[in-house]
Amino acid sequence: ASRYPGFSIRNICGNGRVLMKDGSVDASLNALYREKRRYCENAMSIGHLFRYGAFTFYSAGDFSDPGFGVEEKMAQAVGRVQVAKINHHGYKSMASELVGALRARVWIANVWDQLHVLAETMGRLCDRTTYPDERLIVPGIFTKERRAEDAGKPWVKDVPPEVYEAAHVVIDVPPGGETYAMTFLGAADEKMTVRGVMHFKS
């Protein structure tokens, strides 16, 4: 840590326990699962906040367990980030409380199924009443069938066209962390053709 003072990794959750901002560990979710004698593998996911200078990236696996308050509890443990990986491919995930706590400029989802990033999830991610700032919602693919199905929905304007027919999304943070870039690489073959680059301030 002394050699890299501008960089840190904070382990924020794992095995149903959440590390709160004050350093305490909240295990109430684990107790709730024991009480109901039902464990959800997804809710046992690990999660991290990666910080580099002014840049912060959130990633927390497959959190998705509506009714148990997993993501609502996570919302109390995190703060604003620049880029966030959407939990559980966007499938029955991303409670409004968590979206409002993270306030990401860029939301990225790893998807390969039409059901990933459900309409209800997209609605929460694009909701300007949760937070008013500009944002991009970036699934790895957003096919013409999905675009036709979602035509007229408010989140369509937040999805960059570079991912319509599938793209690898690469986030690059130059030295210091004051800026970052998002590069879209073609996913149709192994050529890794650059289809677009966007630049942001942290």
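Is C13 buried or exposed? C13 is buried, at a relative accessible area of 9%. That is one small detail of a predicted model, and here are some further points you may like to check as you turn the structure around.

1. **The sheet as a whole.** The place to start is an open sheet built from eight strands, with mixed pairing and the order 3-2-1-4-5-6-7-8. The edges belong to strand 3 (25-26) and strand 8 (136-139); each has a single partner strand, so one side of each is left without a neighbour in the sheet.

2. **Strand 1 with strand 4.** These two strands run antiparallel and share six bridges. If you want a handle on the register, R10 faces L49 of strand 4.

3. **Strand 4 with strand 5.** Strand 4 (residues 47-52) and strand 5 (residues 55-59) are also antiparallel, joined by five bridges. H48 sits opposite S59 in strand 5, and Y52 has F55 of strand 5 as its bridge partner. The two strands make a hairpin with two residues between them, and there G53 adopts a positive phi near 60°.

4. **Aromatic pairs.** Four of these turn up in a search of the whole structure. For F50 and F57, the ring centres are 6.0 Å apart and the planes meet at 35°; the pair counts as tilted because that angle lies between the limits of 30 and 60 degrees. Both residues are partly exposed: F50 has a relative accessibility of 26%, and F57 has 23%. Elsewhere, F55, Y180 and F200 are linked into a cluster by ring pairs, so F55 is worth a second look, being also the residue bridged to Y52.

5. **A nonpolar patch on the surface.** Y4, F7 and I9 together make a nonpolar surface patch of about 330 Å². I9 belongs to strand 1 (residues 7-14) and is partly exposed, with 46% relative accessibility.

6. **Cysteines.** How many disulfides does a search of the whole structure find? The count is zero. Besides C13, which is buried at 9%, you can look at C126, which is buried as well, with 7% relative accessibility.

7. **Two positive phi values outside glycine.** N15 is not a glycine, yet its phi is positive, at about 55°. N15 lies in the loop that runs between strand 1 and strand 2 (17-19). V117, again not a glycine, also has a positive phi of about 55°. Its loop lies between strand 7 (106-109) and helix 4 (119-126), and V117 is buried at a relative accessible area of 3%.

8. **I137 in the edge strand.** Strand 8 stands at an edge of the sheet, and I137 is located in strand 8. Is I137 buried or exposed? I137 is buried, with a relative accessibility of 0%. For a sense of distance, I137 and G6 are 131 residues apart along the chain, and their C-alpha atoms are separated by 27 Å.

Definitions and conventions. Residues are numbered from 1 along each chain as its sequence is written. This is a predicted model: local features need pLDDT of at least 70, side-chain atom pairs count only at pLDDT 80 or more; totals for chains, interfaces and linings use all residues. Side-chain values use heavy atoms; hydrogens and water are left out. Two strands pair if DSSP finds at least two bridges between them. Helices (H or I, at least four residues) and strands (E, at least two) are DSSP runs, numbered from the N terminus. Patches are made of residues with over 30% relative accessible area and no salt bridge: like charges are joined within 9 Å, nonpolar side chains (Val, Leu, Ile, Met, Phe, Trp, Tyr) within 5 Å. Accessible areas come from the Shrake-Rupley method with a 1.4 Å probe; for residues, only the protein chains shown count as cover. A salt bridge is a side-chain nitrogen of Lys or Arg within 4 Å of a carboxyl oxygen of Asp or Glu. Buried means under 20% relative accessible area, exposed over 50%, partly exposed in between (1.4 Å probe, protein chains only). A disulfide is a pair of cysteine sulfur atoms within 2.5 Å. Rings of Phe, Tyr and Trp (its six-membered ring) pair if their centres lie within 6.5 Å; planes under 30 degrees apart count as stacked, over 60 as edge-to-face and the rest as tilted.
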